[in-house]
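The following exercises concern a single protein chain. Each one sets a task and then works through the solution step by step.

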Amino acid sequence: MFILELSYTATLDRIDVELADHIAWVRSHIESGTFLVAGRKVPREGGFILAVGDDRAEIEALAATDPFLLAGLAEYRVSEFVATTTAPALDGFRQQLPA
């Protein structure tokens, strides 16, 4: 499982120009099941995405297709973790520690 932390590198007026494309990008990956949760930071300086995948390089390549990144308006930090404890609604995503 991965946490994608998005940090804006541009002003909010420039972010707002690309916002609809970014939201469409996020929704497409929510619909595909790769993204589980996405939302804006408070204060508004970026956002977070909780993603599932087997390969860090694949998730990093996916993040590189974000319209915010393509427009040079933001950067990503990708953190991988093992989800050993989950809420009941996320039981299907629970993972085991490697042996």
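Two residues are in contact when heavy atoms of theirs lie within 4.5 Å. The model is predicted.

**Exercise 1. Describe the overall fold of the chain and the sequence range of its contacts.**

Solution.
- Step 1: count the elements. There are three helices and four strands in the chain.
- Step 2: place them in order. From the N terminus onward, the pattern reads β-α-β-β-α-α-β.
- Step 3: consider the contacts between residues at least 6 apart in sequence. Of these, 65% join residues at least 24 apart.
- Step 4: add the dimensions. Along the principal axes, the C-alpha atoms fill a box of roughly 45 × 25 × 25 Å.

**Exercise 2. State what share of the residues is buried, and characterise the surface and the charges.**

Solution.
- Step 1: the chain has 99 residues, and 32% of them count as buried.
- Step 2: the accessible surface comes to about 6100 Å², with 55% of it belonging to carbon and sulfur atoms.
- Step 3: the chain carries 8 positive and 15 negative charges, and the mean positions of the two sets are 6 Å apart.

**Exercise 3. Identify the residues of the largest nonpolar core that touch the most other members, and the elements that supply this core.**

Solution.
- Step 1: the core has 20 residues, and those touching the most other members are L4, W25, F35, I49, F68 and Y76.
- Step 2: at least two core residues come from each of β1 (2-8), α1 (12-32), β3 (46-51), α2 (56-63) and β4 (74-80).
- Step 3: take F35 as one case. Leaving aside residues up to four places away in sequence, F35 touches W25, V26, H29, I30, I49, L50, A51 and L62.
- Step 4: take I49 as another case. I49 belongs to strand β3. With the same exclusion of residues up to four places away, I49 touches F2, I3, L4, W25, V26, F35, V37, A38 and Y76.
- Step 5: compare sequence and space for one of these partners. I49 and F2 are 47 residues apart in sequence, while their C-alpha atoms are 8.1 Å apart.

**Exercise 4. Which residues of α2 are buried, and why do they line one face of the helix?**

Solution.
- Step 1: the buried residues of α2 are I59, L62 and A63.
- Step 2: viewed down the axis of α2, these residues fall within an arc of 100 degrees, and therefore they line one face of the helix.
- Step 3: the cover over them includes β1, α1, β2 (35-40), β3, α3 (67-70) and β4.

**Exercise 5. Classify I49, S28 and K41 as buried, partly exposed or exposed.**

Solution.
- Step 1: recall the cut-offs, under 20% relative accessible area for buried and over 50% for exposed.
- Step 2: I49 has a relative accessible area of 6%, so I49 is buried.
- Step 3: S28, in helix α1, has 35% relative accessibility and therefore counts as partly exposed. The C-alpha atoms of S28 and E5 are 18 Å apart, with their places 23 residues apart in sequence.
- Step 4: K41, in the loop between β2 and β3, has a relative accessible area of 10% and so is buried.
- Step 5: list the contacts of K41. Residues up to four places away in sequence aside, K41 touches E5, L6, S7, G46, G47 and F48.

**Exercise 6. Determine the geometry of the peptide bond that joins V42 and P43.**

Solution.
- Step 1: P43 lies in the loop between β2 and β3.
- Step 2: omega is about 5 degrees for the bond joining V42 and P43, and this peptide bond is cis.
- Step 3: set this against the general rule. Most peptide bonds are trans.

Methods. Residues numbered from 1 in each chain as written. Predicted model: local features only at pLDDT ≥ 70, side-chain atom pairs only at ≥ 80, totals over all residues. Heavy atoms only, no water. Core = buried A, V, L, I, M, F, W, Y, C linked by side-chain atoms within 4.5 Å. Buried < 20%, exposed > 50% of the residue type's maximum accessible area, 1.4 Å probe, protein only. Areas by Shrake-Rupley, 256 points an atom, 1.4 Å probe, with all protein chains shown as cover. Lys, Arg positive; Asp, Glu negative; His and termini not counted. Charge placed at Lys NZ, Arg CZ, Asp CG, Glu CD. Arc of directions from axis to C-beta.
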